[in-house]
Amino acid sequence: MRLAGWLYLALAYGFVFLPVVVLVVFSFQDGRLPVPPFQGFSLRWYAQVVSDGALMTALWHSALVAFVSSGLALAMGFLAAHALARVRLPGSVFLRGLLIAPMTVSYLIIALGLLTVFNQSGVKLSLWTVGIGHVVINLPLCFAICYGAMGDHQKTAERAARDLGASEARVLWFVSAPMLAPALAAAFFLSVTFSWDEFIIAFLLSRFDLTLPVEIWSMLRSGLSPATNAIGSLLFLVSISAVILMEIFLFRRPK
Amino acid sequence: MTANVSIRSVSQRYGPATALDDVSLEIAAGEFVVLLGPSGCGKTTLLNLIGGFAEPVSGTILIGGKDMSGVSPAARPTTTVFQDYALFPHMSLADNVGFGLRMRGVSRPERRAKAEEFLALVGLPGKADRRPHELSGGQRQRVALARALAVAPDVLLLDEPLGALDLKLRRAMQDELKAIQRRVGTTFVHVTHDQEEAMAIADRIVVMNAGKIADIGPPREVYLRPGSLFSAAFMGEINQIPVRDGQTALGPLVPGTGTLLIRPEAIGLHGTLPLGPCKVEDAAFFGTHVRAHVAPLAAPDLKLTVHLPQASVVAVGEVMSLFATDHAMLEA
Amino acid sequence: MSLQSAERKLGWGLLAPALLWTVAFFVLPFLAMVALSFAHMEGRAIVEVFDPGNYVRAFSEWSQLKALINSIEITVTVTVISVVLAWPLAAIIAWQVPARYQRLALLVAVLPFWTSYVVRSYSWLLVLGDNGVINKALMAVGLIAEPLALASTRTATVIGFVHFFVMLLTLTIYANLIQLSPNYARAAQDLGAGRWATFRHVILPLTLPGVITGAFVTFVLCIGDYITPQILGGNAELTLPQLIMLQMGRSGNFPMAAALSVVLMAVVILVYAGCSRWLRLDRL
């Protein structure tokens with residue numbers, strides 16, 4: 001029975017890693033197509049990718065949109081969570097539901113809604129419009145994580161701070177935010193991850209300035225190429241490095 | 001229904017740490033035995049080994065004369081009452097209590113009847129269709145007991161079952177456990193760190209420390225004639241006076257070499273063993289008695305704890321001549 | 001002003017940014033889109049008329065209806081297969097892998113999660129294509145002479161989806177299993193239940209709500225996805241998101257696209273209503 005378990009685990013890992021292994025292996029393909037046979041080891045596709053201006057610009061755009069929209073989503077989500085956790089507002093159940101609602105709607109529909117409104121009001125599509133869309137999808141997440149992390153421990157600390165004469169802004173800055181730091185970090189990290197890799201909103205709401213997933217999409221349109229493998233592998237490497245760093249610094253810190 | 005338990009030279013290790021070190025114990029059928037000790041002493045480990053949730057690295061365990069090596073919990077004639085009760089939240093009380101019977105292929109009407117019978121036995125009649133989340137902690141504990149007894153085990157294992165209850169409820173449950181055990185006659189092995197609980201319910205107490213048995217015997221024996229220094233200190237406050245060749249810091253009190261053990265409540269103004277004049281360092285009213293710390297004038301470094309009668313009026317700095325009425329001697 | 005009303009003002013003030021953003025950029029756009037779905041195109045202009053024609057088309061024209069059916073069929077298949085494959089994986093990591101290595105085992109199991117979604121689907125193309133790894137391997141070994149048509153099929157789409165959702169479900173189901181007290185299983189065994197009986201009577205009922213929640217999330221994400229079917233599905237059949245994008249791109253028929261989007265949302269809401277009995281979204 002246990003043997004069957006280990007076997008299943010091995011098969012599952014095999015299945016899960018198959019496409020990734022193929023991706024990475026054929027990014028080093030010394031040939032035109034990223035398919036067998038493997039014609040030799042070459043770094044030229046990586047060189048091509050790194051020197052591809054459009055790609056690098058798109059990468060920068062993605063980072064910009066991800067960090068800015070996540071920061072905004074986190075700030076608004078945190079304040080909203082604090083408000084609903086601290087003050088008994090009428091209809092708070094409805095308000096909570098409303099703030100979380102976008103998480104249950106397909107990104108395609110969110111994009112279409114925004115596109116409709118932008119078209120009708122004459123707003124030009126740009127990285128800003130993409131950013132707006134990304135805030136919409138990440139705000140519920142940040143709110144939910146912050147709200148879920150707020151507990152009695154931190155509430156009594158806030159009360160003590162107020163008791164000692166701190167204004168609300170100071171309470172938030174000096175007490176609430178630091179105590180919730182792990183949750184805030186997790187929310188920010190997740191938002192950046194979702195925004196960074198998000199395709200459909202970025203595709204529909206941008207025009208000239210593209211984000212990385214959209215740029216890669218247009219690469220795909222022109223056929224299979226090891227260059228796509230190369231950029232994919234680079235992205236993968238960056239992502240898991242970030243995850244490993246987070247593991248070491250955020251989740252292993254002794255209390 | 002009931003059986004004896006024979007634990008022979010059992011050892012258990014978790015990695016480099018030794019949880020049980022060559023422990024041997026004979027439990028008679030129908031006995032209510034309490035495994036008593038601080039956290040980490042090995043009492044829960046021993047209970048788990050009897051229940052079959054782990055196998056010892058060496059030694060054997062026999063129940064009713066049968067070797068239990070390699071026998072799974074399902075096949076052993078034991079059932080356990082867990083510390084968190086582990087009642088199945090998605091089942092009614094009747095289904096919970098009848099679960100073991102269902103596993104044995106008992107028919108539905110019979111299961112229902114038995115479940116109601118055992119729920120009544122533990123003092124919860126008529127609640128068969130409730131769910132666990134509707135009950136209080138004390139009630140859940142009883143259901144867990146009913147569930148474990150419903151399959152008529154030979155040995156019932158209880159893992160600190162009263163720990164989550166408040167004091168009054170705990171005392172009431174202790175009496176009930178004792179009464180139920182007498183009625184069903186099953187061997188009970190009960191784990192606790194509370195020495196008062198142990199004394200209230202046990203036929204015999206097994207005091208454990210660091211993976212070994214430190215003392216064993218009926219409550220009166222273990223309390224008044226401790227088998228080890230650890231057991232003496234664990235069972236309650238104790239005064240320890242070193243003796244060498246019949247000489248102590250307070251003069252010749254008892255013959256031999258070792259430690260003289262005197263309980264605080266055995267010290268007073270009258271008695272057989274003279275402790276000499278003692279200066280009171282502090283005193284506090286504890287309801288049933290007055291607790292005082294005194295320093296004998298003959299040996300000011302030897303601090304004694306004394307329980308004086310409730311009506312005593314004691315002033316700090318006062319000197320009184322104290323005597324012990326009862327004592328025990330641990331030979332070195 | 002009283003303390004309470006001062007507090008309330010503060011509360012609303014802190015809540016305002018998030019609330020306004022949600023209303024302005026989610027609620028209003030959604031309503032605008034619904035309004036648009038009742039318009040129709042005349043030439044290249046959108047005529048604002050209350051006309052449910054788009055919805056009629058959606059359900060009467062075979063090409064439109066087929067897309068909806070495709071989406072539902074694929075999504076149900078993917079959800080079932082993913083749950084069936086992920087559950088044992090999560091269970092093995094939670095109960096068979098030693099506690100020290102569980103985090104690592106879980107991380108490794110979902111590591112490919114961190115490739116770009118687009119790139120991940122693309123890499124299945126490399127595996128399943130006519131020149132891909134599987135076909136080349138089978139031909140090299142001599143099992144087949146001609147490449148199997150694996151890519152650009154519904155099967156490829158399903159495989160691509162299952163790959164993603166097995167990872168997602170492993171995470172969520174694991175989180176669900178790990179918070180189940182081990183004493184439940186122990187109690188069941190203690191009372192005489194074998195492994196299968198313990199699973200059937202105790203483990204399964206207690207973990208089902210969490211699994212159903214994960215399955216629901218899978219359903220919602222899968223049915224609304226454009227990327228995987230577009231890369232792996234080929235042109236033989238379309239899913240609803242693909243049809244929506246087609247309406248927007250080629251014909252520029254925004255109202256139709258809007259109507260189809262509302263249909264997509266309606267399906268999701270229906271499914272939610274269907275399993276709301278088990279859903280505990282807060283437990284995710």
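**Exercise 1. Find how chain A is divided and describe the contact between its parts.**

Step 1. Chain A splits into domain 1 (1–42 + 225–255) and domain 2 (59–222); the bounds come from an automatic or database domain assignment. This is a predicted model, in which local features need pLDDT of at least 70, side-chain atom pairs count only at pLDDT 80 or more, and totals for chains, interfaces and linings use all residues. Residues are numbered from 1 along each chain as its sequence is written, while chains are lettered from A and ligands numbered from 1 in the order in which they are written.

Step 2. Taken over C-alpha atoms, the centres of domain 1 and domain 2 of chain A are 29 Å apart.

Step 3. Domain 1 of chain A gives 6 residues to the contact, and domain 2 of chain A gives 6 residues. Two residues are in contact if their C-beta atoms, placed from the backbone, lie within 7 Å.

Step 4. On the side of domain 1 of chain A that touches domain 2 of chain A, there are 4 nonpolar, 2 polar and no charged residues. Here Ala, Val, Leu, Ile, Met, Phe, Trp, Tyr, Cys and Pro count as nonpolar, Asp, Glu, Lys and Arg as charged, and the others, Gly among them, as polar.

**Exercise 2. Work out what chain A brings to its contact with chain C.**

Step 1. The contact pairs 65 residues of chain A with 60 residues of chain C.

Step 2. α1(A) supplies the largest share of chain A's side, 13 residues. Helices (H or I, at least four residues) are DSSP runs, numbered from the N terminus.

Step 3. Sorted by class, chain A's side holds 50 nonpolar, 11 polar and 4 charged residues.

**Exercise 3. Describe how α11 and α12 of chain C pack.**

Step 1. Helix α11 (residues 240–249) and helix α12 (residues 254–275) of chain C pack at an angle of about 165°, with their axes 8 Å apart. Axes are lines fitted to C-alpha atoms, for helices over the stretch in contact, and angles run from 0 to 180 degrees between N-to-C directions.

Step 2. α11(C) and α12(C) are therefore roughly antiparallel, the term for angles over 145 degrees.

Step 3. C:Leu240, C:Leu243, C:Ile244, C:Gln247 and C:Met248 of α11(C) meet residues of α12(C), including C:Phe254, C:Leu260 and C:Leu264.

Step 4. This contact of α11(C) with α12(C) has 9 nonpolar, 2 polar and no charged residues.

Methods
Helix = DSSP H or I, 4+ residues; strand = E, 2+ residues; numbered from the N terminus. Parallel < 35°, antiparallel > 145°, perpendicular 65-115°, else oblique.
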